[in-house]
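Trainee: I would like a close look at a single part of this model, with its surroundings. Please take one helix and then work outward to the side-chain pairs.

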Amino acid sequence: MRSIPIVTKNLLIINVLGFLACVLLEKSVDLNDVLGLHFFLAKDFAIYQLFTYMFMHGGWMHLFFNMFALWMFGCVVERVWGAKKFLFYYILCGIGAGIVQEIVQYVELYMMQPSGIGFFSIISLVTETDAINLNAWTTVGASGAIYAILLAFGMLFPEERVFIFPLPVPIKAKWFVMIYVVLELFMALGTKGDGVAHFAHLGGMLFGFLLILYWKKHPSAEGSIGGSGGDIFGNLKKKWKQRKPKDSGNTSDGSRNADWNYNADKKATEEEIDRILDKIRKNGYASLTKEEKQFLFESSNKNR
């Protein structure tokens, strides 16, 4: 746990604690009903559920696979982006996934109505009894945010190779993401009643894609999102060059020695960063040693 970045670590802890609380309190209160995302025309819908639903889960396996993917890909993405940016991305994409799920459920409700009823007329036609029955449409799980992280990993490291069960050979991350998009779209359109919010998964990826495109076109908004991990880490070199010695105003011999040592250390650090970035561009992030990853992570934190 010590090597897991701070946001990923805390998200793992919160999700596990949320599930344990749900299990321990199930006889007195149904937390999935209180904190899960209800359909917006349902009796028990509350706006805060767009945030809380992503920390609830429907079972041990649901929790395990989401947390495994969060640990596997979230650690890498957070180290590239930094804690604040990663958390913003995770929360926004989770909320976006919930919004997409609400829209899809509204379309489903519209399709169930007799012909001739206007698309927006349904809102005024929902009775109190209907609102109670609509409570059954409840969504829980971090999957929307997790799928957004998968997308981010694929866009940051498109050439990185990953394993997908049951394929016997690794495939590039960009194909890994595309396969998941196609599978989710196929299951969303062709599989009904399986209890899985496939459109929420796609919604999380959609919001993630749009956010990354925005960051890419507006680098000043929250850092540049390049085509590869190397482009992102490339900003480290600029940050190191912008740093100044703390005692630059002192002209004593001691100050000059301090400045010389500082510049020598800075040059050595820049050269090491360049070497690591070249290695990432040629062989991918996974080719780095534990020490190289730690060095890059610490250098990023010093200059954030």
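Mentor: What follows starts with helix H1 and then moves on to a buried glutamine, the aromatic pairs and the salt bridges.

The model is predicted, so confidence comes first. The chain averages a pLDDT of 82, and 79% of the residues score at least 70. Over residues 223-237 pLDDT stays under 50, although the model has 42 contacts beyond four places in sequence for that stretch. Where pLDDT is low, the predicted coordinates should not be read in detail.

Helix H1 covers residues 6-24. With 19 residues at 1.5 Å a residue, H1 should span 27 Å, and its end C-alpha atoms are 27 Å apart, which agrees. The buried residues of H1 are Val7, Thr8, Leu11, Leu12, Asn15, Gly18, Phe19 and Cys22. Seen down the axis of H1, these buried residues fall within an arc of 140°, so they line one face of the helix. The face turned away from that buried side carries the exposed residues Ile6, Leu17 and Leu24. As for what covers the buried residues of H1, the cover includes helix H2 (31-35), helix H4 (60-81) and H5.

H5, which runs over residues 83-111, contains Gln105. Gln105 has a relative accessible area of 5%, so this residue counts as buried. Apart from neighbours within four places in sequence, Gln105 is in contact with Phe39, Trp137 and Thr139.

Phe39 and Trp137 also belong to an aromatic cluster, together with Phe40, Tyr106, Tyr110, Phe119 and Phe120. In total the structure holds 21 aromatic pairs. One of them joins Phe119 and Phe120 edge-to-face, at 5.0 Å centre to centre and 90° between the planes. Phe119 is partly exposed at 33% relative accessibility, whereas Phe120 is exposed at 65%. Elsewhere, the ring centres of Phe176 and Tyr180 are 5.1 Å apart and their planes stand at 65°, so this pair is edge-to-face. Phe176 and Tyr180 are 4 residues apart in helix H9 (residues 173-190), a separation of about one helical turn. Phe176 is buried, with a relative accessible area of 6%, while Tyr180 is partly exposed at 26%.

The charged pairs come last. A search of the whole structure finds 4 salt bridges. In one of them, Lys172 meets Glu159, with the closest N and O atoms 2.8 Å apart. Lys172 lies in strand E4 (residues 171-172) and Glu159 in the loop between helix H8 (143-156) and strand E3 (161-162), so the pair ties together parts that are 13 residues apart in sequence. Lys172 is partly exposed at 25% relative accessible area, and Glu159 is partly exposed at 43%.

Arg275 forms a salt bridge with Glu272, the closest N and O atoms being 2.7 Å apart. Both lie in helix H14 (residues 253-283), 3 residues apart, or about one turn of the helix. Arg275 is partly exposed at 37%, and Glu272 is partly exposed at 24%. Returning to the earlier pair, salt bridges that share partners join Glu159, Lys172 and Lys174 into one network.

Lys43 and Asp44 form a further salt bridge, with the closest N and O atoms 3.9 Å apart. Because its relative accessible area is 52%, over the 50% cut-off, Lys43 counts as exposed. Asp44 is partly exposed at 30%.

Key
Residues are numbered from 1 along each chain as its sequence is written. This is a predicted model: local features need pLDDT of at least 70, side-chain atom pairs count only at pLDDT 80 or more; totals for chains, interfaces and linings use all residues. Side-chain values use heavy atoms; hydrogens and water are left out. Helices (H or I, at least four residues) and strands (E, at least two) are DSSP runs, numbered from the N terminus. Buried means under 20% relative accessible area, exposed over 50%, partly exposed in between (1.4 Å probe, protein chains only). Contact means heavy atoms within 4.5 Å. pLDDT is the predictor's confidence in each residue, from 0 to 100. The expected span of a helix is 1.5 Å times one less than its number of residues. The arc is that of the directions from the helix axis to the C-beta atoms. A salt bridge is a side-chain nitrogen of Lys or Arg within 4 Å of a carboxyl oxygen of Asp or Glu. Rings of Phe, Tyr and Trp (its six-membered ring) pair if their centres lie within 6.5 Å; planes under 30 degrees apart count as stacked, over 60 as edge-to-face and the rest as tilted.
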